[in-house]
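Reader: I would like a close look at a single part of this model, the open sheet and whatever packs on it. Please take me through it step by step, at whatever length the matter needs.

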Amino acid sequence: MIITGTHLPRRTFLRGLGAAVALPMLDAMTPALARAVPAGAAPKRLVFTYVPNGVSMSGWTPQGTGAAFELSTVLKPLAAYKDDMLVLSGLAQRNGMALGDGPGDHARAAASYLTGVHPKKTAGADIQNGISADQIVAQHIGKATRFGSIELGCDDSRTVGNCDSGYSCAYSNSLSWRSETSPMPPETNPRLVFERLFGADAHLDPAARQRRLLARRSILDVVGERTKQLSSTLGASDRRKVDEYLHAVREIERQIEVAESDMRDLRPGIDKPTGIPVAFADYVKLMYDLQVVAFQTDLTRVVTMMVGREGSMRTYPEIGVPDPHHPLTHHRNNKDWMARVEQINVFHAELFAYFVGKMKATQEGDSNLLERSLIVYGSGLSDGNRHTHEDLPVMIVGQGGGLLRTGRHVVYDSQTPMNNLYLTLMDGMGVPAESLGDSTGKLEHLTGVS
């Protein structure tokens, strides 16, 4: 091997007419004598994936503790990744409770989920919450990436008006809060997410970018010459990585184009926004694919995604559940309704398993994206029928570069603050914090034997 001492910058972009396509981690981006990057030095990713309206806890909670746990009905779609997960029981988000404010549990569930703060009850402009855990991390490490954080969603949303018993829609529709009064609503249109990731930098001509879109030219077409020039300088392994990555980008772009040409409505009487697939599974998978390429190219290291907003009325006819989700959760112990809720929960878990699989299959150096990520999956409610905020459904997938000892079910004392978990994860991301919401310290037993 000839060692030249030169290497390709990690922040390399393929630029063309209104496009700036980042590259995945390549061997050429690391000096030849320093390719054995210590595990602790590799970038870590923090992801929060939120499902609405609570979860069937009888279908969620595993039997057994420690490594000897059995996957529950809702978690069985993730059986292939059992060794990569930590299921946590007993955690609570007390500030999602009424605390004298009466109804509005759905709004409080979403608003308090990552902030640990009891939101001010108002439907006006005087909203007040707290800074969310993801944004605390993003504010500390976001300068290392093109985007400090990315917020995604798969449900129609708005941030003004009354969405839940006197609570502003900003609470029900936003997990991420940049400040006490500034929610960061999720982007729900895959086309806009794609253009944000791969579109023009601020200094590039927006008119040129628009011309490319109108001409239906692929982003990869406009950087084609740059791609050929780059490939001619790379080794065989890196050329293969670039080819596989660009194929994934083109497939995402193709799916968006198909969605844009599909004129069917999502539901009767509701117009389909441009770029959103009609089939919910296609929609969610597309949003997961966008996350994978964003991590693969190190465009961001922090993502939140709301599979649905709190109080979601989405129907799921594709799995035999034509009823709106939220009313079904108020089942009053009707076994048929409870079974349908569990069907929805399983469906969400199946889609999440797709994301986990893609993360694990995406190599990064001598490891993969999943191993270097902390992906929290769950809801701000447990029992949607009773609107309970204790014993929340919580699962973490990924080891965070060796931070977590996975493959276990850990049971904590009842009412253990959920915010203790966030302090631990923030610390693992290199962002130590003294407190968050009602936290009482870091969460134990995440790395040792339960």
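Author: Ile150 stands opposite Val303 in E10, in a model that is predicted. This pair belongs to the pairing of E5 with strand E10 (residues 302-306), which runs in the parallel sense over four bridges. Both strands are part of an open sheet of seven strands with mixed pairing, whose order is E5-E10-E3-E13-E14-E4-E15. Strand E5 (150-153) and strand E15 (408-417) stand at the edges of that sheet, and because each has a single partner strand, one side of each is left without a neighbour in the sheet. On average, and with direction ignored, neighbouring strands of this sheet are turned by 15° against each other.

Helix H10 (residues 280-296) packs on the sheet, where it touches strand E3 (45-50) as well as E5 and E10, and the direction of H10 makes about 175° with that of E10.

H10 also has a helical partner, since the axes of helix H5 (residues 190-198) and H10 come within 10 Å and cross at roughly 10°. With angles under 35 degrees counted as roughly parallel, H5 is therefore roughly parallel to H10. In this contact Pro190, Val193, Phe194, Leu197 and Phe198 of H5 meet Tyr283, Leu286, Met287, Leu290, Val293 and Ala294 of H10. The residues of the contact divide into 11 nonpolar, no polar and no charged. In soluble globular proteins, nonpolar side chains tend to be buried together.

From the helices the view widens to the core. The largest nonpolar core holds 78 residues, of which Leu197 and Phe352 touch the most other members, and the largest share of this core, 12 residues, comes from H10. If residues up to four places away in sequence are not counted, Phe352 touches Thr49, Leu78, Tyr288, Ile375, Tyr377, Met395 and Val397. A second, separate core has 38 residues, including Ala110, Ile136, Leu175 and Met306.

One further helix deserves a place in this account. All residues of helix H2 (residues 105-113), nine of the nine, are buried, so H2 is largely enclosed by the rest of the structure. The buried residues of H2 are Asp105, His106, Ala107, Arg108, Ala109, Ala110, Ala111, Ser112 and Tyr113, and Ala110 is among the members of the second core as well.

Terms used: Residues numbered from 1 in each chain as written. Predicted model: local features only at pLDDT ≥ 70, side-chain atom pairs only at ≥ 80, totals over all residues. Heavy atoms only, no water. Pairing = 2+ DSSP bridges. Helix = DSSP H or I, 4+ residues; strand = E, 2+ residues; numbered from the N terminus. Axes fitted to C-alpha atoms, helices over the stretch in contact; angles between N-to-C directions. Contact = heavy atoms within 4.5 Å. Core = buried A, V, L, I, M, F, W, Y, C linked by side-chain atoms within 4.5 Å. Buried < 20%, exposed > 50% of the residue type's maximum accessible area, 1.4 Å probe, protein only. Parallel < 35°, antiparallel > 145°, perpendicular 65-115°, else oblique. Nonpolar A, V, L, I, M, F, W, Y, C, P; charged D, E, K, R; others polar.
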